[in-house]
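Thanks for coming. I will take you through a few places in one structure, so please have the sequence and the model open.

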Amino acid sequence: MGFFSKYTLCVLQKYKDVEGTVSMEEVNGEELVKQFAEEMEEMLGRKMKSVKKLADAAEDADLYHDYNDTMEFEYFNSMLINKVDEDGNPLPLGGAFPLEENEHFNKLPVNVQTSNIQVPTNVYNRDPDIVNGVYMSEALDNVFIDNFQKDPTLTWQYFGSATGFFRLYPGIQWIPDESGVVTFDCRNRNWYIQAATSPKDVVIVVDVSGSMKGLRLTIAKHTINTILDTLGENDFVNIIAYSDYVRYVEPCFKGTLVQADLDNREHFKILVDEIHVKGEGKVTKAMKESFKILNEATAMGQGSLCNQAIMLITDGAMEDFEDVFEEFNWPDKRVRVFTYLIGREVTFAENTKWIACNNKGYYTHVSTLADVQENVMEYLHVLSRPMVINHDHDIIWTEAYMDSVLFNTQAQNLLLMTSVAMPVLLSHGILLGVVGTDVALKELMRLALRYKVNTSNYSQQNPWLCFSHHQQWLHLISPGPAASARRSIPTKTGPFCVHVLPVSV
């Protein structure tokens, strides 16, 4: 007799032993799913409440803070804590920062009594804006701790400042890469960008004429890639290169906008790297093509149906281009035009500045690679103005992602997660930053307990989550059945819905 036959007989015998004391109860699968959705809604509601408290606290703290451009304030920089110089003295902005391994935070050494600060390598950590912002945001520590005490399922809580610093709770020691550099900038993270701006359609127009050779082309490519990094799942994009003629970097995307998801962004980056320069730069045709793309998207109800922008990357605009804007963008100026003047020469600065200023955009001069990051971020501040003026505190949920960027040098079990975030807005039309927290998707799946639904049911084997109208259903474990077989029950909280087929009992 084979192993499985013996196993079956054993199971049958055990069932007969308890048959008189057990009963079969029919379970209503749809009611079970509704309960699942309600419990998940309550859980997500707690996360949003915590984030709202952080936003309120940050706005109140800034309201009562008097800016001091000579302020000196020592804070815990997560790159410098627990380190000493050659003489054994603590590094400035460092010092002793107790850390203890914590099971809840992936067994990382953390300090649950306080947060600390991460500053990107390209940002001066004693800049007056940084020092004032760090001092002001110290008020968030009490809220971090209170949130965690009231909801122990919370993980990382944070405040990303528009000036670049990142306050993270609980505090950690930030590990740089092998070059001793930390490239992480909270303003490039999807949760920050989605909370700080509304969805947008972006056409990137890059000058590839002969004058853009060498370092200028390198800077231009880096500028394009940095712009792409500021786009997310709710945004739409295309890239046009121009010299004597206009061409799309991806001919398959001619005349249209594509969703700025990770695959498309990475595809664009590969194509941008292959760009070569040749000929004379004639921007007028490229601008006309860009306006046509955006206008057609609006007319056909495609794209984000929200903000629209053209990003012009050039070393100079010499043509008579006023007629283009008069035909396509004035007087409503519905499309904002941002200009990036590449290189050290400023001969054509007035022209490129005029284009931006007369089309509700922003002009920047990018002379070195080090200038790119900060200059690109300026457009986000411009696009956030309508939201700030209206004081729209929209809570956003990001698409699911695998995030190892915080701890890329430490052995971690990568978790599929989403982030909930909210902008911090000031009454005088300024975006202060974004607050948020992470939610591991395994926490959601724990709500479908196996003792309530057997191990072969669809919720355990084939769970799905749907995040927004622009995104696909997310399958958490393995490829599932065809979309035609789905029957969903949405929650009222956020852009989530849960999908589970009738439970097998």
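Start at the side chain of Gln 118: one of its polar atoms lies 3.1 Å from the backbone oxygen of Phe 184. Before going on, note that this is a predicted model.

Where does Gln 118 sit? It belongs to strand 3, residues 116–118. Is Gln 118 buried or exposed? Its relative accessible area is 1%, and since the cut-off for buried is under 20%, Gln 118 counts as buried.

Which residues does Gln 118 touch, apart from its neighbours within four places in sequence? The contacts are Ser 78, Gly 164, Phe 165, Phe 166, Trp 174, Val 182 and Phe 184. So Phe 184, whose backbone oxygen I mentioned at the start, is also on the contact list of a residue that is buried at 1%. One further distance here: Leu 168 is 50 residues away from Gln 118 along the chain, and the C-alpha atoms of the two are separated by 7.8 Å.

Now please move along to strand 7, residues 236–242. How many of its residues are buried? The count is 7 of 7. This holds for both faces. On one side are Phe 236, Asn 238, Ile 240 and Tyr 242, and on the other are Val 237, Ile 239 and Ala 241.

Which strands pair with strand 7? Take strand 6, residues 200–207: it runs parallel to strand 7, and 7 bridges join the two. Within that pair, Tyr 242 of strand 7 has Asp 207 opposite. Between these two strands the chain passes through helix 6, residues 215–229, in a right-handed β-α-β crossover.

Strand 8, residues 246–248, runs antiparallel to strand 7 and is joined to it by 3 bridges. Here Ile 240 has Tyr 248 as its bridge partner. The connection from strand 7 to strand 8 is a hairpin through 3 residues.

Strand 9, residues 258–259, is also antiparallel to strand 7, with 2 bridges. In this pair Val 237 is partnered by Val 258.

Last, the cysteines. A disulfide is a covalent bond between the sulfur atoms of two cysteines. How many disulfides does the structure hold? The number is 0. Two cysteines are worth pointing out on your screens. Cys 186 is buried, because its relative accessible area is 0%. Cys 252 has a relative accessibility of 69%, so it counts as exposed.

That is where I will stop.

Methods
Residues numbered from 1 in each chain as written. Predicted model: local features only at pLDDT ≥ 70, side-chain atom pairs only at ≥ 80, totals over all residues. Heavy atoms only, no water. Buried < 20%, exposed > 50% of the residue type's maximum accessible area, 1.4 Å probe, protein only. Helix = DSSP H or I, 4+ residues; strand = E, 2+ residues; numbered from the N terminus. Pairing = 2+ DSSP bridges. Right-handed = clockwise from strand over helix to strand, strands pointing away. Contact = heavy atoms within 4.5 Å. Polar contact = N/O pair within 3.5 Å; in protein donor to acceptor, adjacent residues only side chain to side chain. Disulfide = S-S within 2.5 Å.
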